[in-house]
Structure formats: structure tokens, C-alpha cells
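This report looks at charged pairs, strand pairing and nonpolar packing in a single chain. The sequence and the model are shown first, and the discussion follows.

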Amino acid sequence: MQNDSRPSVFIVQKIIKILSVICFIMVFCPAFLVSCSDQTLHISVMKTVSGISVYGEQVSKPQPVLLLLAAAPVAFFVLLELRKWTDKKTGRIIAICAGIDLVLWMIFKSVVKKEANENYCQFRTTGWYVLNFICLLLIILLGVLVALDKMTLDTDLKSMISGSDTKDAINKMSSAVGQMSSAVSKMAGDAAAKMENKAAPSSGGDTIGFCPNCGKPIDAESNFCPYCGAKIPVHLKKGSAAPAETPAQAKPETDNPETSKQATTKPDKTE
């Protein structure tokens, strides 16, 4: 029986390359769903880079800085292709860059969620975001293990796991995962806290009119009604038209018809 001489696909370098390609594709996939009134927005990195519009009105300015989320996976792939440095140094660079990329994704999520809450919209995370998150964690894990000299970029994970040192390898990987998770969680928590501690959105702006759908007051800072979620007409936001009519006031109640009639009828004078 001949031995299979084909190169294994479980080599560390190849696995990181595959994960990098998946992470690059994820920037084009909708990571979040934002539902406003009767419209659902599919938010992806590339869509946010060019700006987001609702009903033809731009609600988010272009964010070209998010291109870093697409540049990181490309950098991983190029580093592994060039192999200019030692495996330890390459693994360290990949682990650090992947950690920064993961934190940027978390900040991106917190910003989108904050914008959705400010406009009284529903926010949901898609499976694409979860898949990208897992791929980045695996890249960080493999990079850390290479940087710690627990394996090399040419290590065959299949043969290593099936060898006699399986338990030792698994324990090392578990320990590395624990350290990596705590470090990433701390970085993401600090970044999210800084985002949340910034100036809170104004909740009581000047009233510019009343919602044409439910009749509740609306302010100049809102794009949607805070009570029913209906889209605020453009003429109200621009102030080009008079505010909508307030709820009709109740007509004054008339007292007893007989007394009212007596009050309006003049008494006859007797000569």
C-alpha cells in the first residue's frame, strides 16, 4: 500500500490563509440587520464605507477608516506568502494584527447598535458576523501558538493531534485560548466603554411638530418618531412648513338645555 504523498491541507500556514480569505469575504456580507419602521437595512463593512441611506436620505456619513477591516486579512495572506521573517515573528505580527482587527469589529458593532438605538430601530447580529468572529479567534490562536514556539507555520495539525502528545498539545492550546480570550475581552471592553462614555445623545430637543401617524410630539434631533417609529416628514425637519395641528381641543360642554335657553332669551317686559 503506497503512502499518500499529497501535501496536507491542515498545515498551519494553509489554515491561516483560508481563514484570511473568509475574513476578507465577510466585509462584503451583511454583519448586522437594522429594522426601522417598515424597512430593514443590511449593514456590511463596505456599505458603511460608502455611507448608509434610508428612504433616499443619508443617515450615515461614509466611513473609509473601516477599510482597515478589509486590509487586515490581506496583510495576513501577504505575510504568509512572503515569509521574510522567522515563524515566531510572523506569528506574533499575525496575532497582534488579528487582535486589533477583532477589536475594530467590536467597535463597529457598538457604533451601529448605538446609531440604531438613537433612531429607535431594532438591531440584530447576523451569522456572518459570528463566522467572522470565529475565524479571527482561530487566526489569533494559531498566531499565538506559533509566536510561543509551540508549533511552526509548517506544522501539520492533523498529525500533531493524532500523535502521542495529543493531550499536551490540547492543554497548550486551551491555555493559549484562555489567555487570548481574556486579553481580547479586556481590550474590547475598554474600547466599548470609551465609546459609551462619550457624549450621550440629546433626548429632549426642541419640539418641531407632531407625528402625522400617532400625533405625539417630535423633536428636531429625531429621524423617526420615538413613539411609533414612523418616518418624520422632511418638511418638518427642515422647518419649511407649519407644525402639524395639535390634537383637537374638546368643545366646551353645554349645561342644561333649558338653562342655556333661558340665558339666551330676554325676559318680556310688561308695561
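Which residue forms a salt bridge with Lys17, and how many Å apart are the closest N and O atoms? The partner is Glu81, and in this predicted model the closest nitrogen and oxygen atoms of the two residues lie 2.4 Å apart. The pair joins distant parts of the chain, since Lys17 belongs to helix α1 whereas Glu81 belongs to helix α3 (residues 68–82), with their positions 64 residues apart in sequence. The two partners can also be described by their accessibility: Lys17 counts as buried because its relative accessibility is 16%, which falls under the 20% limit, while Glu81, at 47%, counts as partly exposed.

**Salt bridges**

A search of the whole structure finds three salt bridges, and they are set out below.

| Pair | Closest N to O distance |
|---|---|
| Lys17 and Glu81 | 2.4 Å |
| Arg83 and Asp87 | 3.2 Å |
| Arg83 and Asp154 | 3.6 Å |

Arg83 takes part in a bridge with Asp87 and in another with Asp154, and these three residues are thereby linked in a network of salt bridges. The bridge between Arg83 and Asp154 connects distant parts of the chain, as Arg83 sits in the loop between α3 and α4 (87–118) and Asp154 in the loop between α5 (127–147) and α6 (157–161), 71 residues apart. Within this network, Asp87 counts as buried at 18% relative accessibility, whereas Arg83, with a relative accessible area of 27%, is partly exposed, and Asp154, at 48%, is likewise classed as partly exposed.

**A serine in helix α1**

Helix α1, which spans residues 12–26, also holds Ser20. Is Ser20 buried or exposed? Ser20 counts as buried because its relative accessibility is 2%. Leaving aside residues up to four places away in sequence, Ser20 touches Pro73, Phe76, Phe77 and Ile139.

**The sheet**

Three strands make up an open sheet in the order β2-β1-β5, with antiparallel pairing. The edges are formed by β2 (39–43) and β5 (122–125), each of which pairs on one side only, and the twist from one strand to the next averages 20°. Strand β1, residues 32–36, pairs with β2 in the antiparallel sense over five bridges, and along this pairing Phe32 stands opposite Ile43 in β2. In general, strands of a sheet pair through backbone hydrogen bonds, in either a parallel or an antiparallel arrangement.

**Nonpolar cores**

Which residues touch the most other members of the largest nonpolar core? They are Val34, Trp105 and Phe108, in a core of 44 residues. The elements giving two or more residues to this core are α1, β1, β2, α2 (45–50), α3, α4 and α5, and the largest share, nine residues, comes from α5. The contacts of Val34, not counting residues up to four places away in sequence, are with Gln39, Thr40, Leu41, Ile43, Val112, Ala116, Cys121, Gln122 and Phe123. Ile43 is thus named both as a contact of Val34 and as the residue opposite Phe32. A second core, separate from the largest one, consists of six residues, including Ile208, Ile218, Cys225 and Ile232.

Methods. Residues are numbered from 1 along each chain as its sequence is written. This is a predicted model: local features need pLDDT of at least 70, side-chain atom pairs count only at pLDDT 80 or more; totals for chains, interfaces and linings use all residues. Side-chain values use heavy atoms; hydrogens and water are left out. Helices (H or I, at least four residues) and strands (E, at least two) are DSSP runs, numbered from the N terminus. Buried means under 20% relative accessible area, exposed over 50%, partly exposed in between (1.4 Å probe, protein chains only). Contact means heavy atoms within 4.5 Å. A salt bridge is a side-chain nitrogen of Lys or Arg within 4 Å of a carboxyl oxygen of Asp or Glu. Two strands pair if DSSP finds at least two bridges between them. Axes are lines fitted to C-alpha atoms, for helices over the stretch in contact, and angles run from 0 to 180 degrees between N-to-C directions. A nonpolar core is a set of buried Ala, Val, Leu, Ile, Met, Phe, Trp, Tyr and Cys residues joined through side-chain atoms within 4.5 Å.
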